[in-house]
Amino acid sequence: MRIDKYLANMNVGSRKQVHTLIKNKVVTVNGELVTTPKQQVEEDDQVVVSGEKISYQQYHYFLLNKPKGVISATEDRSQQTVISLLDDKDRYQGIAPVGRLDKDTTGLLLLTNDGALAHELLAPNKHVAKIYRAKIAGIADEKTVKTFASGMILGDGTKLKPAKLKILKQDRAQDLSEIEIEIQEGKYHQIKRMFRAVGMKVIELDRLSMGKLRLPADLKRGKYKEIDRKEIK
C-alpha cells in the first residue's frame with residue numbers, strides 16, 4: 001500500500017495534506033525518512049508522523065445510540081447526519097451506517113467501513129434479527145401478536161416474514177400500548193407500516209439490538225462507543 005493511502009485511511013489527513021507532511025520531512029517508516037508519497041508500506045511497518053506512531057487498522061466499528069432528528073446517511077446538504085456525531089478523529093474513509101433508521105427513530109446503529117460485515121447484517125437471506133421497543137397509539141393484543149406472527153401482506157402487496165410481537169403494557173384509558181417486536185427484515189418503514197395495517201400508529205420507535213449486538217444501557221442518546229473485531233466476530 002502507498003504511504004499516502006495508508007495515512008489517509010488512518011485519518012491523518014487528506015492525500016494532499018499527507019503529501020505536505022511528507023514534503024515537510026515529518027514522516028518515517030521503520031526509522032527511515034519518507035521522501036515520496038508513492039513509497040510502499042506494509043500494515044505491520046512502524047509508521048511515525050511528527051513523532052506520533054500511526055498503527056494501521058483496516059476496519060473500524062462504532063456503536064451509536066442514534067438520537068431523533070438525525071438521518072442515517074454519510075452526507076446531506078441540508079440535514080444533520082449520523083456521521084456528524086463522530087469525533088473528527090473517528091471519521092475514517094468509508095465509514096457509513098449499516099442500514100437505516102428513520103429520522104425520528106432512535107437506538108442502535110452500527111457505523112463501519114467493513115462492507116463485507118454490512119452485507120452479512122443486511123442481506124435478507126442471512127436472517128439477522130432486529131429487536132425494537134415502541135410506543136403505539138392503539139391497543140395491541142393477542143390478535144395483533146398472531147397477525148404479525150403469521151407473516152403479513154401489506155396493502156401494496158409487500159410480503160413480510162413472521163415477526164415476534166411482545167406486549168409490554170396496555171393503557172386502555174389513553175389508548176396506548178408499549179411493545180417489543182423482533183423482525184428479520186428491514187423494509188422501508190416496515191414496523192410503522194405493519195401497525196398502520198392493523199389500524200394503529202407508531203409514536204416512538206427505538207432499536208435495541210441487531211443480531212447479537214445490543215445497545216449498552218449506559219450509552220446515552222447521541223453518544224457512541226468503538227467496538228473491536230472480537231465483538232464483531
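Q: What makes up the second largest pocket, and what is its volume?
A: In this predicted model, the second largest pocket has a volume of about 310 Å³. Its lining counts 14 residues, and Leu-117, Leu-121, Glu-231, Ile-232 and Lys-233 lie nearest its centre. H3, strand E12 (213-214) and helix H6 (229-232) each supply at least two of the lining residues.

Q: How do the lining residues of the second largest pocket divide into nonpolar, polar and charged?
A: Six are nonpolar, one is polar and seven are charged. Glu-231 and Lys-233, which lie nearest the centre among others, belong to the charged class, because Asp, Glu, Lys and Arg count as charged.

Q: What makes up the largest pocket, and which element gives the most to its lining?
A: The largest pocket has a volume of about 580 Å³. Its lining holds 27 residues, with Arg-100, Gly-186, Lys-187, Tyr-188 and His-189 lying nearest the centre. Helix H3 (115-122), strand E8 (130-137), helix H5 (190-197) and strand E11 (201-210) are the elements that give two or more residues to this lining. H5 gives the most, with three residues. By class, the lining divides into 12 nonpolar, seven polar and eight charged residues.

Q: How do you know that Asp-104 and Lys-192 form a salt bridge?
A: The cut-off is 4 Å between a side-chain nitrogen of Lys or Arg and a carboxyl oxygen of Asp or Glu. In this pair the closest N and O atoms are 2.8 Å apart, so the contact satisfies the cut-off. The two residues come from distant parts of the chain: Asp-104 sits in the loop between strand E6 (96-97) and strand E7 (106-112), Lys-192 sits in helix H5, and they are 88 residues apart.

Q: Why is Lys-192 called buried, and what is Asp-104 called?
A: Buried means under 20% relative accessible area. Lys-192 has 16% relative accessibility, so it counts as buried. Asp-104, with a relative accessible area of 41%, is partly exposed, because partly exposed covers the range between the 20% and 50% cut-offs.

Q: What makes Glu-180 and Arg-133 a salt bridge, and where do they lie in the chain?
A: Their closest N and O atoms are 2.5 Å apart, so the pair is within 4 Å and qualifies. Glu-180 belongs to strand E10 (residues 176-183) and Arg-133 to strand E8, 47 residues apart. Glu-180, at 13% relative accessibility, counts as buried, whereas Arg-133 is partly exposed at 39%.

Q: Why is Asp-156 called exposed, and what is its salt bridge partner Arg-193 called?
A: Exposed means over 50% relative accessible area, and Asp-156 has 58%, so it is exposed. Arg-193 has 17% relative accessibility, so it counts as buried. The closest N and O atoms of the two are 2.8 Å apart. Arg-193 lies in helix H5, while Asp-156 lies in the loop between helix H4 (142-149) and strand E9 (164-171), so the pair ties together parts that are 37 residues apart in sequence.

Q: How many salt bridges does a search of the whole structure find, and which residues form a network?
A: The search finds 10 salt bridges. Arg-2, Asp-4 and Arg-15 are joined into one network by salt bridges that share partners.

Q: Why is E7 described as largely enclosed?
A: Seven of the seven residues of E7 are buried, so this strand is largely enclosed by the rest of the structure.

Q: How do you know which strands pair with E7, and in which sense do they run?
A: Two strands pair if there are at least two bridges between them. Strand E5 (residues 61-66) joins E7 through six bridges and runs antiparallel to it, with Lys-66 opposite Gly-107. E6 is also antiparallel to E7, over two bridges, and here Pro-97 stands opposite Leu-111. E11 pairs with E7 in the parallel sense over two bridges, and Arg-207 in E11 is the bridge partner of Gly-107. Each of these bridge counts satisfies the cut-off, so each strand counts as a partner of E7.

Q: What makes E2 and E4 edge strands?
A: Four strands form an open, antiparallel sheet in the order E2-E1-E3-E4. Strand E2 (32-33) and strand E4 (52-53) each have a single partner strand, so one side of each is left without a neighbour in the sheet. Elsewhere in this sheet, E1 (residues 27-29) and E3 (residues 47-49) are joined by three bridges, with Val-29 opposite Val-47.

How values were computed: Residues are numbered from 1 along each chain as its sequence is written. This is a predicted model: local features need pLDDT of at least 70, side-chain atom pairs count only at pLDDT 80 or more; totals for chains, interfaces and linings use all residues. Side-chain values use heavy atoms; hydrogens and water are left out. On a 1 Å grid over the protein atoms alone, a cavity is a set of points where a 1.4 Å probe fits but cannot get out, and a pocket is an open set with protein on both sides within 12 Å along at least five of seven lines; lining residues have an atom within 4 Å of a point. Grid points are joined across faces, edges and corners, and a volume is the space filled by probe spheres set on the points. Buried means under 20% relative accessible area, exposed over 50%, partly exposed in between (1.4 Å probe, protein chains only).
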